[in-house]
Structure formats: C-alpha cells, structure tokens
Amino acid sequence: YEAGAFFLYRTDGIINTQNELDVYRESLQPGAGDVFQLGDVKYVDTNGDWLIIEAERVYMGSWRPDLVIGVNTDLKYNQFDLSMMWFASVGNEVINGSKGISYVYETSRDLLNQWSIANPDAPVAAFRGNQHANVSPFLDTWLEDGSFVRLRNVTLGYTLPKNLLDKISLEKLRIYVSAQNPLTITRYSGYDPEVGGDGLATRGLDRGNYPISIVYRGGIQIDF
C-alpha cells in the first residue's frame, strides 16, 4: 500500500430494530456482540473471525489522487485580456476529522437528528460519549471523496487603445481585476478538500484546517 494510506473500519449503517440487533449479535462470537445496542454503528466483520477488533480495519484509499490536472489559459480579444489558472485533483480521499471532532464534543448540528426510539430511521448513530465506538476516529463514516476543481487565479484586464493613449501621452494604461481561489467545485462537505501538509501522517486529514483564503485585487498599470 502507498504511504499514508487509510485503514478504517467498514460500517453498514445503524442498528435500527431489535430484530436487526439480534441477527447482528448472532453473527458474532458469543459475548462479542453484547456491547452493541439499538442505535449503534454496525461494524462489518471484514475478516470473518466473528469479532470486531482492530484487525477488521481495511484499506480504503488514501490522500493520493488518481489524476492531477493543471490548465493555464491566456486569452485576448481586442483590448481585453483574460488569464486563468485551473487545478484539479481527482480520486483522492479525505478524512473529515473536523466532522468527527464535532461529534465527539457534541457541537455538530447532525446530532439533533441522532438515533432514538422516537427517531429509529435517523442517519446518525446514538451519541453515547466521546469514547464510544460510534464516534471512533477510524470509522469509514468520516471518509469522503476529496476530488476537486479549483480556479487558483483569474485576471481580467482592459488596455486603453493607442489613439486614446496618444492623447494623454502614455505608452500603456491597463486596468485589471484579479482573484485568487475564487471558485472551488467539490462534493467534499468540509471547508476545504485541499488539506494536510508535507507529512504523510497529516495528508488527507482534515483536522479543522483553516481554509484557503479568497483574495480579490484590482489595479492600474501605467507605462510612460
């Protein structure tokens, strides 16, 4: 496996009914399923040992993209010019650790829709404390597609025509506006899919990283 790969517990939804709980407990070794209750995350026994232990963690991708694309464009039409720098990362995974932390500290809005007897079809497991298996940092629940397309830089300019420049005794006068990171297209639910750092232990791990800033500028370029 590649360095920095993610090995996580595979899950199969939430235990919603008593019958589902009974069947799940029977699928494990005697006593191994007793810790599970209604509303808990259903861990998948990936190696067939009828236990839910650390050995169940399986490879589920990594921060490494399958494809990286960069495109630069420079367009001109009459007195207008437009330049753009696009970047795309496809096939990389991100662990939304900030989402997991918000569950652990009960600050996530999602917990308003957690499982309960009155809400048995809820998409969020019951919260039973910050050390419970329902909020383990190694759940595939936190794993998301981190693919994205980002417009890193864009500049639009207008240069005055020569006949006007001659009247004001200038060689060139160009007015422009530019932006850095004004657009990101992604399905990632966190703030920024481009997370991590130079270390293998942090790449693809969103720990509440501050998102990339969007910067807008404008200016006038004058040549005498």
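Let's start with a cluster of charges: Arg-150, Arg-152, Asp-192 and Glu-194 are joined in a network of salt bridges. Keep in mind as you look around that this is a predicted model. Across the structure there are eight salt bridges, and several of them make handy landmarks.

Take the pair formed by Glu-20 and Lys-42, whose side chains meet in a salt bridge with an N to O distance of 2.8 Å. This contact links distant parts of the chain, since Glu-20 sits in helix H1 (residues 18-26) and Lys-42 in strand S3 (residues 41-43), 22 residues apart. How exposed is each partner? Glu-20 has a relative accessible area of 21% and is partly exposed, while Lys-42, with a relative accessible area of 14%, is buried.

Another salt bridge joins Arg-128 to Asp-40, with the closest N and O atoms 2.6 Å apart. Arg-128 belongs to the loop between H2 and S8 and Asp-40 to the loop between H1 and S3, so this pair ties together parts that are 88 residues apart in sequence. Arg-128 counts as partly exposed because its relative accessibility is 30%. Asp-40 is buried, with a relative accessible area of 0%.

A further pair leads us towards the sheets. Arg-174 forms a salt bridge with Asp-81, and here the closest N and O atoms are 2.9 Å apart. The two residues come from distant parts of the chain, Arg-174 from strand S10 and Asp-81 from strand S6, 93 residues apart. Are they buried or exposed? Both Arg-174 and Asp-81 are buried.

Strands S6 and S10 both belong to an open sheet of five strands, with the order S5-S6-S9-S10-S12 and antiparallel pairing. Strand S5 (67-77) and strand S12 (215-223) stand at the edges; each has a single partner strand, so one side of each is left without a neighbour in the sheet. On average, neighbouring strands of this sheet are turned by 10° against each other, direction ignored.

Two of the pairings in this sheet are worth tracing on screen. S5 and strand S6 (residues 80-90) pair in the antiparallel sense over eleven bridges. Here Tyr-77 stands opposite Phe-80 in S6. The two strands form a hairpin with two residues between them, and Asn-78 in the turn has a positive phi of about 55°. Further along the chain, strand S9 (residues 148-159) and strand S10 (residues 172-186) are also antiparallel partners, over eleven bridges. In this pairing, Val-154 stands opposite Ala-179 in S10.

Back at S5, what makes up the nonpolar surface patch? Leu-67, Ile-69, Val-71 and Val-90 form the patch, which covers about 290 Å². S5 gives the most to it, with three residues. Val-90 is found in strand S6, and it counts as partly exposed because its relative accessibility is 37%.

Now turn to an open sheet of three strands, with the order S8-S7-S11 and mixed pairing. Strand S8 (143-145) and S11 stand at the edges, each with a single partner strand, so one side of each is left without a neighbour in the sheet. S7 and S8 pair in the antiparallel sense over three bridges, and in S8 the bridge partner of Glu-93 is Asp-145.

Helix H2 lies across S7 and S11, running at about 20° to S7. Which residues of H2 (residues 97-104) are buried? They are Gly-97, Gly-100, Ser-102, Tyr-103 and Val-104. Their cover includes strand S7 (93-96) and strand S11 (205-206). Just after the helix, Glu-106 takes a positive phi of about 55°.

Finally, two residues give a sense of the distances involved. Ala-3 lies in the segment before strand S1 (5-8) and counts as partly exposed, at 37% relative accessibility. Leaving aside residues up to four places away in sequence, Ala-3 touches Trp-63 and Leu-200. From Ala-3 to Pro-161, the C-alpha to C-alpha distance is 56 Å, with their positions 158 residues apart in sequence. Asn-163 lies in helix H3 (residues 162-167) and, at 48% relative accessibility, counts as partly exposed. Asn-163 and Arg-10 are 153 residues apart in sequence and 69 Å apart in space, C-alpha to C-alpha.

Technical notes: Residues are numbered from 1 along each chain as its sequence is written. This is a predicted model: local features need pLDDT of at least 70, side-chain atom pairs count only at pLDDT 80 or more; totals for chains, interfaces and linings use all residues. Side-chain values use heavy atoms; hydrogens and water are left out. Two strands pair if DSSP finds at least two bridges between them. Helices (H or I, at least four residues) and strands (E, at least two) are DSSP runs, numbered from the N terminus. Axes are lines fitted to C-alpha atoms, for helices over the stretch in contact, and angles run from 0 to 180 degrees between N-to-C directions. Buried means under 20% relative accessible area, exposed over 50%, partly exposed in between (1.4 Å probe, protein chains only). Contact means heavy atoms within 4.5 Å. Patches are made of residues with over 30% relative accessible area and no salt bridge: like charges are joined within 9 Å, nonpolar side chains (Val, Leu, Ile, Met, Phe, Trp, Tyr) within 5 Å. Accessible areas come from the Shrake-Rupley method with a 1.4 Å probe; for residues, only the protein chains shown count as cover. A salt bridge is a side-chain nitrogen of Lys or Arg within 4 Å of a carboxyl oxygen of Asp or Glu.
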